[in-house]
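These are my notes from going through one chain, element by element. I began with the sheets and then followed single residues and helix packing.

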Amino acid sequence: MPSYDARFFAPNYRKTALFRKEMVVSHHFNYSHHFNYTKKNKYEFLAFKKKPGWKFVKYPAHYKCEKSKATVTIHYSTKTSDIRGKDAVFFRTGPFEFNEWEELQHLRPPGQIWIFVTQEPASIVPCFLPPKIYRYKTFNWSFTFHSSSNINGAYGWYTPFSQKVLPDNKTINWILQKPKNVAWISSRHCEGLGWDRTKFVLDLKQYIPVDMYGKCGNRSLSRNSATATRVIQKYKFHLSLENSCCSEYLSEKFWNALQKWKSVPIVVGGTKEEYERLAPPNSFIHADDFPSIEALAKHIETVAASEKLFNEYFKWHKEGSVHQQSFHLRHPVFKEGACKVVQKIHQLCNSPSEDSFDPYSPKWFGSCYNCGKHAWIQNYNFMWRRTIFSHDWEDNRTLFFLDGRE
């Protein structure tokens, strides 16, 4: 059983003055930042620490934002002192020690914008959760996939057509284009994070055939995207299983199934209400709708055998369209993402603002939940991770708020 203390927390923290101070003030004061944003034509941003994904940028990176008529230089550093002189700091990952947070707060110049950036769900990126004394005093904005983010980093979205742009009446018999049934593609987190999705797939395979591609399976796909797409497009269903079950976490695997592979996604991740709110109508099968994995498998078989039932899942193509946001638009270290930040600053120019993103809130670290309400799905959850680390949240607060407790 892994221990997270060495990664995320300084030793003997409860013996420090910071801990004692935090216990006194954490629930009694609301720290906010008061900003008068200044419109500039030249910005200096800092990417503070990073994970794979930001490594593709050569630092310092220089961009020109044509729409905002501004230039941006993005630096990268792991040194707290390098935040000096920067207009904004992007926090992508940790781990951070408590003394590091204190140094950052001490060095932070007035008016500097701190942005919480991630494309991962809250449950697996706890490593830059600040000490609770800095709960409201750390991040101004968030740049994530969640709809509550200050800057939109969503993987994808659905847009209904207006009456004026309805497509023609041509009807496609989708089932004729898809001779194969169910595919799953995964090469990361095979051992599971929030839940054991590999076991879920193996259990489903006991009732219906599932072709498993990638390192988590026994089939390989071409590295050529077009070739891989042609292979997966032959499947009626795609298992779109998120690594964790957190609010609105509908990643590229779900949107790819709808847009790229044109299949029916079978989902475990967000709640059904979230899928219904964010996805095209009647476009997916939510596993938690069924009382057992056998019932889910039976429904998949029934739909696969019925031309009428299968085509019902594709009616949305005549009602709207799906859009995906590119990798460069979802990360602020690339030109497209950096220019989003500049646009946000310009929108708030000369307008006094109290901006504070609360990473402990029910919309973020309090937004993760069991993967499903039925007991058979809950059996795949890694509940021990919450149970063990929520007992002593003073030392390990990373998972304390995952049950929605305030």
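**Entry 1: the mixed sheet.** I worked from a predicted model. I traced an open sheet of seven strands, and I read its order as S3-S4-S2-S5-S6-S7-S8, with mixed pairing. I then looked at the edges, where strand S3 (61–65) and strand S8 (151–152) each have a single partner strand, so one side of each is left without a neighbour in the sheet. I noted next what packs on the sheet: helix H10 (residues 335–347) touches strand S2 (42–48), S3, strand S4 (70–77), S5, S6, strand S7 (141–144) and S8. The direction of H10 makes about 120° with that of S2.

**Entry 2: pairings from S5 to S8.** I went along this stretch pair by pair. Strand S5 (residues 88–91) runs parallel to strand S6 (residues 113–117), and I found four bridges between the two. To fix the register I took valine 89, whose bridge partner in S6 is tryptophan 114. S6 and S7 are also parallel, joined by three bridges. Here I noted phenylalanine 116, with serine 142 as its bridge partner in S7. S7 in turn pairs with S8 in the parallel sense, over two bridges. Opposite threonine 144 I found asparagine 152 of S8.

**Entry 3: the faces of S7.** Which residues of S7 are buried on one side and on the other? I found Trp141 and Phe143 on one side, Ser142 and Thr144 on the other, and all four are buried, leaving both faces of S7 covered.

**Entry 4: asparagine 150.** I stayed in this region and looked up the loop between S7 and S8, where asparagine 150 lies. I recorded 31% relative accessibility for asparagine 150, which makes it partly exposed, since that class runs between 20% and 50%. Leaving out residues up to four places away in sequence, I listed Asn140, Trp141, Ser142 and Lys344 as the residues that asparagine 150 touches. A polar atom of the asparagine 150 side chain lies 2.8 Å from the backbone nitrogen of serine 142. I also checked lysine 344: it is 194 residues from asparagine 150 in sequence, yet the C-alpha atoms are 8.3 Å apart. Lysine 344 falls in the range of H10, residues 335–347.

**Entry 5: the parallel sheet.** I turned to an open sheet of five strands, with parallel pairing and the order S11-S10-S12-S13-S14. Strand S11 (211–213) and strand S14 (285–286) are at its edges; each has a single partner strand, so one side of each lacks a neighbour in the sheet. I counted three bridges between strand S10 (residues 180–185) and S12, which pair in the parallel sense. Lysine 180 has tyrosine 235 of S12 as its bridge partner. I found H8 lying across S10, S12, S13 and S14, at about 150° to S12.

**Entry 6: H4 against H8.** At what angle do the axes of helix H4 (residues 197–204) and helix H8 (residues 293–304) cross? I read roughly 65°, with the axes coming within 10 Å. The crossing is right-handed. On the H4 side I listed Phe200, Asp203 and Leu204, and on the H8 side Ile293, Leu296 and Ala297. By class, I have five nonpolar residues, one charged and no polar ones in this contact.

**Entry 7: asparagine 243.** I looked for asparagine 243 and found it in the loop between strand S12 (235–241) and helix H6 (252–259). Is asparagine 243 buried or exposed? Its relative accessibility is 5%, so I entered it as buried, the limit being under 20%. The side chains of asparagine 243 and serine 244 make a polar contact at 3.1 Å. Beyond four places in sequence, I noted that asparagine 243 touches several residues, including Glu120, His189, Trp195, Arg197 and Tyr249.

**Entry 8: H6.** I went on to H6 and found six of its eight residues buried, so the helix is largely enclosed by the rest of the structure. These are Lys253, Phe254, Trp255, Asn256, Ala257 and Leu258. I listed what the buried residues of H6 pack against: strand S9 (156–160), H4, S12, strand S13 (264–268), helix H7 (272–278) and strand S15 (320–324).

**Entry 9: totals.** I closed with the whole chain, which has twelve helices and 16 strands. Of its 406 residues, 55% count as buried. Among contacts between residues at least 6 apart in sequence, I noted that 77% join residues at least 24 apart.

Technical notes: Residues are numbered from 1 along each chain as its sequence is written. This is a predicted model: local features need pLDDT of at least 70, side-chain atom pairs count only at pLDDT 80 or more; totals for chains, interfaces and linings use all residues. Side-chain values use heavy atoms; hydrogens and water are left out. Two strands pair if DSSP finds at least two bridges between them. Contact means heavy atoms within 4.5 Å. Axes are lines fitted to C-alpha atoms, for helices over the stretch in contact, and angles run from 0 to 180 degrees between N-to-C directions. Buried means under 20% relative accessible area, exposed over 50%, partly exposed in between (1.4 Å probe, protein chains only). A polar contact is a pair of N or O atoms within 3.5 Å; within protein, one must be able to donate a hydrogen and the other to accept it, and residues adjacent in sequence count only if both atoms are side-chain atoms. A crossing is left-handed if the near helix is turned anticlockwise from the far one by less than a right angle, and right-handed if clockwise. Ala, Val, Leu, Ile, Met, Phe, Trp, Tyr, Cys and Pro count as nonpolar, Asp, Glu, Lys and Arg as charged, and the others, Gly among them, as polar.
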